[in-house]
Amino acid sequence: MAYRIVGSQCTSCSACEAECPNQAISERGGTFVIEPAKCTECIGHFDTPQCVAVCPVDDTCVIDRNYPRHQAP
Amino acid sequence: MDSTGHLETDASGAGVAMDAIMRQVAEHKGCGTHGGAGKASCGSGAGENDLPAEIWEKVKNHPCYSEEAHHHYARMHVAVAPACNIQCNYCNRKYDCANESRPGVVSEKLTPEQAAKKVLAVASTIPQMTVLGIAGPGDPLANPAKTFKTFELISKSAPDIKLCLSTNGLALPDHVDTIARYNVDHVTITINMVDPEIGAKIYPWIFWNHKRIEGVEAARILTERQLRGLEMLTERGILCKVNSVMIPGVNDKHLVEVNRAVKSRGAFLHNIMPLISAPEHGTVFGLNGQRGPTARELKALQDECEGEMNMMRHCRQCRADAVGLLGEDRSEEFTTDKVMAMEVNYDLESRKAYQDAVESGRQAKVAAKREELETLAGESSDIRILVAVATKGSGLINEHFGHAKEFQIYELSTSGAKFVGHRRVDLYCQGGFGDEDALETVIRAINDCHAVFVARIGGCPKSDLAKAGIAAVDEFAHEFIEKSAIAWFRAYLEKVKSGEVAHQARGDAAIRQGALLATAE
């Protein structure tokens, strides 16, 4: 699985972009999006997903169940 | 006020090392008054003769660091720093409204390059714009690359503009050397507590070392980082202002302790601001009904802390993209689209000529006040009253009552006229607040005042004000505020003495919370 950003909730503050260890986050059309192929859910990097931890709005960075759980290499 | 607030310095002070001066400022209690009723306003209210020359040089045209300067000089904020590393219960990052005026709110964020262009455009249009600040809308030091890139570009293209930033302090110790390297000589830290138990009620979490930390632990880390950052800045001779949000029942009494803690670490100025917590802002405090202080509560706390250090009372809690004199916002004139289309001719010489003219007007104002103050010598009375003033700037009574978006508040006593705050009223001419009658809004905001000084006022509002016990005074139109206020106060004392007027205490006043209903005409 990867994380995704609920666009309607995103304040476009960019805090997640700098914290993502995979450079998976970028701004598109006014809000930020996570590229699922690059998202590792921070497994192997940090204890908690950084985008979730830094996001100022609760329930904005959420698990996207359309993708399989990331497997640590 | 100022005249009682002398710092003991003389020509020999010029040779004293900067750190010694900073220590002197830090250690100096109340700038020359020790207890008693005659607490002095220094720093924010201090003039040229009240501060060491080096400090005066730094603050004399900084509207946020000098109350005296804020009548004459303008500032701008560029919104290059959207990310934040902490969550505050008085802030809601989802909220954005063009008519809203408070920190954390902006209409558009800028890249450093756009910001640099905007600064040049504003500086060319508003020659009294002397200060560029980065204040968010998040935390500048949670966006260090964008913040310092902006400073770098501006210091190259507009070297006469002072740079400052405003931070929550969490990341501050990591960046103090960079701040010094970019010649940022004014830093504001928002410090709402030095007790983590109280902090836990204000900050739900911080983002620290790649973790979200909550509760008392978060507040403990935050206060340690803030105080260490403050010490590191003052050690380097960087002027520090501390902002504190006054939250009744949470940290109001505790702010006296905060005041002592920051003073002992060399902070130059303390700015205690009222909590803004309208429910429609959607902040935690707004939603759970936490009220802000009344005007009297705020002033009482500011007065209590003033014996300890310099207090700022002219803060307008402006947006992270505000442009203009404090109390006015011209950001609409400088949207990114408009700025990019502007042909900018940055002329250092003409800016300097304009500012020289401002300086001579300013000196005339100070001289007029001093002269008038002498007429109060020998008068003795315990009467202290507040008056409201309608002004567009330059230290003059030059605004029509109905056009005033705010009133400046002066406290009058036999020691002079002292600026003690301001009250937002929006535009009385363009309708009131909600269902309330427009004039009622104004009266509520200045209900603690005995008089309101205006350039002009209609007969109707004048008589309604009189019914509410507030005298509308228009005979000092276009004259200097302090000189006029002192002259009026002297006449008031005469009337009280002769029995023509019975002196009565006034009630409390409300601090406006909601969004601006109308922007400038």
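1. A good place to start is strand β4 of chain B (residues 162–167), which pairs with β5(B) in the parallel sense over four bridges. To find the spot by eye, look for B:Thr167, which stands opposite B:Ile189 in β5(B). Keep in mind as you read that this is a predicted model.

2. How are β4(B) and β5(B) linked along the chain? Together with helix α5 of chain B (residues 172–181), β4(B) and β5(B) make a right-handed β-α-β unit.

3. Now look at β5(B) itself, residues 186–190. Five of its five residues are buried, so the strand is largely enclosed by the rest of the structure. Which residues cover its two faces? On one side sit B:His186, B:Thr188 and B:Thr190, on the other B:Val187 and B:Ile189, and all of them are buried. For that word, the cut-off is 20 or more other C-beta atoms within 10 Å of the residue's own.

4. β5(B) has another partner to check: strand β8 of chain B (residues 239–246), which runs parallel to β5(B) and is joined to it by five bridges. Here B:Thr188 is the residue to click on, as it stands opposite B:Lys241 in β8(B). This is also one of the buried residues of β5(B).

5. Going the other way from β4(B), you come to strand β3 of chain B, residues 129–134. β3(B) and β4(B) pair in the parallel sense, again with four bridges, and B:Ile134 has B:Leu165 in β4(B) as its bridge partner. The connection between them uses helix α4 of chain B (residues 144–157): β3(B), α4(B) and β4(B) form a right-handed β-α-β unit.

6. Is β3(B) buried or exposed? The strand is mostly covered, with six of its six residues buried. Strand β1 of chain B (residues 74–77) pairs with β3(B) too, in the parallel sense and over four bridges. B:Ala74 stands opposite B:Met129 in that pairing.

7. Chain B has an open sheet of five strands elsewhere in its numbering, in the order β14-β13-β12-β15-β16, and its pairing is mixed. The edges are β14 (416–424) and β16 (471–473), each with a single partner strand, so one side of each has no neighbour in the sheet. From one strand to the next, the twist averages 30°.

8. Inside that sheet, take a look at β12(B) (residues 385–389) and β13(B) (residues 406–413), which run antiparallel and are joined by five bridges. One pair to pick out is B:Val387 with its bridge partner B:Tyr410 in β13(B).

9. On the domain level, chain B is divided into domain 1 (38–43 + 70–338) and domain 2 (377–498). How far apart are the centres of the two domains of chain B? Taken over C-alpha atoms, 30 Å separate them. Eleven residues of domain 1 of chain B are in contact with twelve of domain 2 of chain B. The domain 1 side of this contact has two nonpolar, six polar and three charged residues.

10. Last, the contact between the chains: 14 residues come from chain A and twelve from chain B. On the chain A side, α1 (15–19) and α2 (50–54) each supply at least two residues, and α2(A) gives the most, with three. By class, the side of chain A that touches chain B has eight nonpolar, five polar and one charged residues.

How values were computed. Residues are numbered from 1 along each chain as its sequence is written. Chains are lettered from A and ligands numbered from 1 in the order in which they are written. This is a predicted model: local features need pLDDT of at least 70, side-chain atom pairs count only at pLDDT 80 or more; totals for chains, interfaces and linings use all residues. A residue is buried if 20 or more other C-beta atoms lie within 10 Å of its own, exposed if 12 or fewer, and partly exposed in between; C-beta atoms are placed from the backbone. Two strands pair if DSSP finds at least two bridges between them. A crossover is right-handed if, with the strands pointing away from the viewer, the path from the first strand over the helix to the second runs clockwise. Axes are lines fitted to C-alpha atoms, for helices over the stretch in contact, and angles run from 0 to 180 degrees between N-to-C directions. Domain bounds come from an automatic or database domain assignment. Two residues are in contact if their C-beta atoms, placed from the backbone, lie within 7 Å. Ala, Val, Leu, Ile, Met, Phe, Trp, Tyr, Cys and Pro count as nonpolar, Asp, Glu, Lys and Arg as charged, and the others, Gly among them, as polar.
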